[in-house]
Structures are given as C-alpha cells and as structure tokens.
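Here is a walk through part of a fold, taken helix by helix and then strand by strand. Have the structure open as you read.

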Amino acid sequence: MIMKSRKIVVALGGNAILSKDASAQAQQAALLDTARYLVEFIKQGDQLIISHGNGPQVGNLLLQQAAGSTAENPAMPLDTAVAMTQGSIGYWMQNALDQVLAEEALSVDVATVVTQVEVSPDDPAFQSPTKPIGPFYSKDEVETLRAQHPDQTFVEDAGRGFRRVVPSPRPIGVNEASVVNKLVAADIVPIAVGGGGVPVVREGSRFVGCEAVIDKDFASEKLAELVDADLLIVLTAVDNIYVNFNQPDQKQLDQVTVSELETYIDQGQFAKGSMLPKVQAAIEFVKNNPKGKAVVTSLENVGRFLSDGDGTIISADHVESELAKS
C-alpha cells in the first residue's frame, strides 16, 4: 500500500478539458495529458481528490438539447445537464487516470461521485446571473442568439467574446462529502463536485435541483473544507497569481497571506470572470482551515510545485508571521 501524506483537493478548469475541438476524442486526449500531471501527486504518496469545471461542456450540451428538443423528447433542465456532464467528464477522467496509473504500475482505483451541492434558495445570485457557460460568441452571433432566446442572458467575458451566463449561487454544503472521505480512506481517488456539483435546494426532507451552475472553485473549496484537506490547489492558465496583470509593472505573487490578497481584491486587481473566484475560493479555504494552505498555479507547473514549491501559495496571516520569526 502507498504511504499517504497530504490530503489534497485539486480543482481543474473545464476549459482545460475542452479547447476549440468539442469532440469526445479531443476531450479524452486532453484528459490523458492532464492525468499524467495529476498522477505525480499519487506517485509521491498524496491522497488526491479531483474536481473539475464543466462550463464549456454543459453549455454545449444545452445547445445540442435545444436543437433537438421536441414535445415528445424535451430538453433536460440545467441541473440534470450538470449531472450528465459530471458523468461524462468523470468517465473520461477515470479512464485516463486508469491508463496512466497502469503505465506507472500503481495499484490505485478511481471513482466518480455524482455530487449534489446544496445552495440557498434565497441566494441573491438567482436574481443576477453571472456564471459563464458554453462557447464564446462574436457580437453578431450573440445578437442573433438574444433574439432567438430572449429568456437567456449573454455578457461580454473578459475581452474574449460573449457567453451565456446563468445564476451561480454559493455552496453551503456538499451532500456526498462523507462518501468522498470514505473513498479516500479506502485508497480510492474520488472525482467529485464536477462542474461545481448538481445545484440543489432543501425542501423538507428532500433536495430539489435548480436552474444554476455553481462555480467549481467555490464548490471545490467547500468540499476541501468539509473533508479537512491539507491543500486546495486551483489550477488555471498561469503559473502564478499576478497583480497589475499584463501591465509593464506586473508583479508575480509567490508566498502571500489572506490579508494581502484581500487588499488586492479591494484594489480591483483580479478579473471577475477569471482570477477573482479562484482567489476568493483560496481565501475562504484558508480562513476556514487555518492549518491548511491554498495554491493557485497551472497544470503544466505541477511538477515544479511538487519539487520546488513553485506557484502562488496562500496561507493564513498568523502562519506567515510565524514563518517570519523562525
């Protein structure tokens, strides 16, 4: 049996799975590359829990359903589409990890947990959709879509084009957190809260799905908090968080405290649809688990993080103070 060390939740973006080619074959190929990076954690004895985004995938699925929807075969609601993409991406990721684990002669099992994430029905996000899903559109394309779907909301996304946005309530619980912990205790790698989890609200003794997509970074933070993880690693397109990003005086952040990041947020340093939710999720995890740390880096930088600690490492203020004294 592999000796275990740290319990780590790694949050992988949906855009790392799907780029320009939306075919199953292309996404499976991307996940095979991803699996080779993630297995490095397992090789060094870490207990790995994987989460992932699904914004492009669920958006494309909704488009496919809308194109073929009939009275006899209607499109499924958004919560069900999230569950469907949890299953499909989890299936691909399991196969990719199984292949790489076999190549490395590691006897480790992988399992996908179709995860329900509880939200509050009173969350103000339901009145103000902000979560991008699906592909990018040009200005001309989005004008046509707005005419065809007046009930849907489209916004410009970080200078990259227009995307549909849906409500994105904050998670208040993860129904299957105990299941994830049991899998980890049994030396099984869980894939959980895929796409931020299926959004559900409590109605008496049952949970009911709702029309929303939970941000996968916040869902990953909530899961990491509930399973008492040592590290929350949020993977993104860059190796580090920067302030004054893409400006002549941009600054790379390596070791940073919660209070320092909160100051940068107040300065408007992080884009709402891009780095901001990752930074906020990292802050929430460290605040709720002061002994733990959060890391923001890229998938390609995983090896350097494991060997040299490269990336942006976020710690509680008192931890930083203790390190300075030592």
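Which residues of α6 are buried? They are Lys216, Asp217, Phe218, Ala219, Ser220, Glu221, Lys222, Leu223 and Ala224. Keep in mind that this is a predicted model.

## Helix α6 and its cover

Helix α6 takes in residues 216-226, and 9 of its 11 residues are buried, so you can call this helix mostly covered. The cover over those buried residues includes strands β1 (7-12), β2 (47-52), β8 (171-174) and β12, along with helices α5 (177-185) and α8.

## α6 against α8

One of those covering elements, α8, is worth a look of its own. The axes of α6 and α8 come within 8 Å and cross at roughly 15°. That angle is under 35 degrees, which means α6 is roughly parallel to α8. The crossing of this pair is right-handed.

So who touches whom? On the α6 side you'll find Lys216, Asp217, Phe218, Glu221, Ala224 and Glu225, and they meet Pro277, Lys278, Gln280, Ala281, Glu284, Phe285 and Asn288 of α8. Sorted by class, this contact has 6 charged residues, 5 nonpolar and 2 polar.

## α7 against α8

Helix α8 (residues 276-288) also packs with helix α7 (residues 258-266), at an angle of about 150° and with the axes 10 Å apart. The angle is over 145 degrees, and therefore the two helices are roughly antiparallel to each other. The crossing of α7 and α8 is left-handed.

From α7, the contact uses Val258, Leu261, Glu262 and Ile265; from α8, it uses Leu276, Val279, Gln280, Ile283, Val286 and Lys287. The class count for α7 with α8 comes to 7 nonpolar, 1 polar and 2 charged residues. As a general point, an α-helix has 3.6 residues a turn, so residues three or four places apart point the same way. Gln280 of α8 turns up in the contact with α6 and in the contact with α7.

## Strand β16 and its partners

Now for the strands. Strand β16 (residues 293-298) is mostly covered, with 5 of its 6 residues buried. Strand β12 (residues 231-236), which also helps cover the buried residues of α6, pairs with β16 in the parallel sense over 6 bridges. To find your place in that pairing, look for Leu232, whose bridge partner in β16 is Ala294.

β16 also pairs with strand β17 (residues 312-315): these two run antiparallel and are joined by 3 bridges. Here Val296 stands opposite Thr312 of β17.

## The four-stranded sheet

How many strands does the open sheet with mixed pairing have? It has 4 strands, in the order β8-β4-β10-β11. β8 and β11 (206-209) are the edge strands, each pairing on one side only. On average, and ignoring direction, neighbouring strands in this sheet are turned by 45° against each other. Edge strand β8 has another job in this picture, as part of the cover over the buried residues of α6.

At the β11 edge, strand β10 (residues 198-203) and β11 run antiparallel and are joined by 4 bridges. Glu203 is the residue opposite Arg206 of β11. Helix α3 (residues 78-103) packs on this sheet and touches both β10 and β11, with its direction at about 130° to that of β10.

Terms used: Residues are numbered from 1 along each chain as its sequence is written. This is a predicted model: local features need pLDDT of at least 70, side-chain atom pairs count only at pLDDT 80 or more; totals for chains, interfaces and linings use all residues. Side-chain values use heavy atoms; hydrogens and water are left out. Axes are lines fitted to C-alpha atoms, for helices over the stretch in contact, and angles run from 0 to 180 degrees between N-to-C directions. Angles under 35 degrees count as roughly parallel, over 145 as roughly antiparallel, 65 to 115 as roughly perpendicular and the rest as oblique. A crossing is left-handed if the near helix is turned anticlockwise from the far one by less than a right angle, and right-handed if clockwise. Contact means heavy atoms within 4.5 Å. Ala, Val, Leu, Ile, Met, Phe, Trp, Tyr, Cys and Pro count as nonpolar, Asp, Glu, Lys and Arg as charged, and the others, Gly among them, as polar. Buried means under 20% relative accessible area, exposed over 50%, partly exposed in between (1.4 Å probe, protein chains only). Two strands pair if DSSP finds at least two bridges between them.
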